[in-house]
Amino acid sequence: MSQPVADIVTITDLVKAYPGGFTALNGVTLSIREGEILALLGPNGAGKTTLISTICGLTMPTGGTVTVGGHDVVADYRATRRMIGLVPQELSLEPFETVEATVAFSRGLFGRPRDPARIEKILRDLSLWDKRASKIVALSGGMKRRVLIAKALAHDPKVLFLDEPTAGVDVELRRDMWRVVEALKAAGVTIILTTHYIEEAEAIADRIAVINKGEILLVEETAGLMARMGKKEAVIDLAAPLEALPAALTGPDLTLAAGGHQIVYTYDTQAERTGIRRVLNELDAAGIVMRDLSTRQSSLEDVFVSLVHDDAPREAAQ
Ligand SMILES: Nc1ncnc2c1ncn2[C@@H]1O[C@H](COP(=O)(O)OP(=O)(O)OP(=O)(O)O)[C@@H](O)[C@H]1O
């Protein structure tokens with residue numbers, strides 16, 4: 001029998017109001033499971049970096065609690081910080097230091113004893129071993145990102161935060177980075193990543209959390225989310241516009257669009273039968289002439305946009 005998965009990070013009613021009065025986190029409750037890859041998605045300014053900084057103990061919360069491995073991040077900062085590795089957005093490295101010294105120094109910062117074999121393993125896993133004697137300044141952007149990850153792993157953290165790990169890197173390097181993240185997961189590290197690339201979340205995350213205006217809008221298994229919300233639409237172009245749908249074709253899955261020139265039928269991609277044939281038969285029976293039929297699959301990107309968009313009127317109403 002498989003063991004139930006424990007939560008390694010527990011965030012409860014977290015609030016962060018910045019001194020100027022801006023509330024960046026507005027009651028965030030979220031549990032992160034040991035060993036998972038969780039993608040945190042949200043538009044610019046949603047509160048992703050503030051959330052990560054608060055879990056890492058770099059930003060003080062104004063309300064609520066965060067525990068890592070059962071320890072409170074404020075009361076027990078040293079214990080929680082040791083359990084966390086953070087890869088920041090900016091490439092903040094000492095340019096004239098070597099790769100190996102940079103990573104070894106980072107281990108020392110957390111009071112861990114020197115362990116050249118451990119550093120070698122980290123560098124090898126990240127394909128940095130051949131570059132160990134190179135100065136940071138001589139590395140490509142992609143290699144510098146790997147050094148940042150190596151640095152964050154140098155003290156053997158249980159939880160790794162990656163803030164926009166593939167921002168601005170090319171497709172090949174991005175896929176390379178995904179392999180690195182998956183290998184870390186296989187080694188038992190819990191990973192939380194923020195990203196603006198939705199296909200990145202879809203490709204590697206076990207669960208997806210969507211944050212907007214300091215509030216968590218959704219947390220769900222990636223596969224379940226795609227199955228539940230990844231609907232397919234059939235768009236039927238009509239020869240002549242309709243004022244209304246015929247009586248036999250009313251229902252929440254059918255809408256009239258494009259000024260009556262189109263019927264949009266939304267169906268579940270998981271269902272045994274799509275129901276498209278029934279719709280076409282009903283059109284025929286009602287004497288409605290179809291000009292064209294096309295289908296489109298909604299992606300996680302559509303789900304994300306509709307979630308964040310649906311959230312917009314709330315702000316206007318406040
Ligand atoms: N030190 C600060 N003082 C005041 N406001 C701040 C501070 N840091 C962040 N904010 C504000 O809090 C909000 C959330 O910022 P945060 O950086 O957490 O968002 P984000 O989701 O990480 O955005 P991005 O995707 O652009 O990195 C923003 O409106 C930002 O302007």
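**Cavity, pocket and sheet: a quick chat**

Reply: Happy to walk through this one with you. In this predicted model, helix α5 gives the most to the lining of the largest cavity, with three residues.

Me: Nice. Which elements give two or more residues to that lining?

Reply: They are α5 and β7, and β7 covers residues 159-163.

Me: And which residues line the largest cavity?

Reply: The lining is made of Val87, Pro88, Arg145, Leu148, Ile149, Leu162, Asp163, Glu164 and Pro165.

Me: How do those divide into nonpolar, polar and charged?

Reply: Six are nonpolar and three are charged, with no polar residue in the lining of the largest cavity.

Me: How much space lies in the largest cavity?

Reply: About 50 Å³.

Me: How many cavities of 30 Å³ or more are there?

Reply: The count comes to one.

Me: OK, switching to pockets. How much space lies in the largest pocket?

Reply: The largest pocket holds about 330 Å³ of space.

Me: Which elements give two or more residues to its lining?

Reply: Three helices do: α4 (116-125), α5 (141-153) and α6 (171-186).

Me: Which one gives the most?

Reply: That would be α6, which puts five residues into the lining of the largest pocket.

Me: Where should I look for the centre, that is, which residues lie nearest to it?

Reply: Look for Asp125, Leu153, Ala183, Leu184 and Ala187, which lie nearest the centre of the largest pocket. In total, 18 residues line this pocket.

Me: What about the classes of the residues in the pocket lining?

Reply: The lining of the largest pocket has nine nonpolar residues, eight charged ones and one polar one.

Me: New topic: the four-stranded sheet. What order do the strands come in?

Reply: The order is β12-β13-β11-β14, in an open sheet with antiparallel pairing.

Me: Which strands stand at the edges?

Reply: Those are β12 (254-257) and β14 (290-297). Each has a single partner strand, so one side of each is left without a neighbour in the sheet.

Me: What does the twist average from one strand to the next?

Reply: The twist averages 20°.

Me: How many bridges join β11 to β13?

Reply: Six bridges join them, with β11 at residues 232-238 running antiparallel to β13 at residues 262-267.

Me: Could you give me one pair to click on? What is the bridge partner of Glu233 in β13?

Reply: Sure, Glu233 has Thr266 of β13 as its bridge partner.

Me: And what do strands of a sheet pair through, in general?

Reply: They pair through backbone hydrogen bonds, and the pairing is either parallel or antiparallel.

Key
Residues numbered from 1 in each chain as written. Predicted model: local features only at pLDDT ≥ 70, side-chain atom pairs only at ≥ 80, totals over all residues. Heavy atoms only, no water. 1 Å grid on protein atoms, 1.4 Å probe; cavity = no way out; pocket = protein on both sides within 12 Å on 5 of 7 lines; lining within 4 Å. Points joined across faces, edges and corners; volume = space filled by probe spheres on them. Nonpolar A, V, L, I, M, F, W, Y, C, P; charged D, E, K, R; others polar. Pairing = 2+ DSSP bridges. Axes fitted to C-alpha atoms, helices over the stretch in contact; angles between N-to-C directions.
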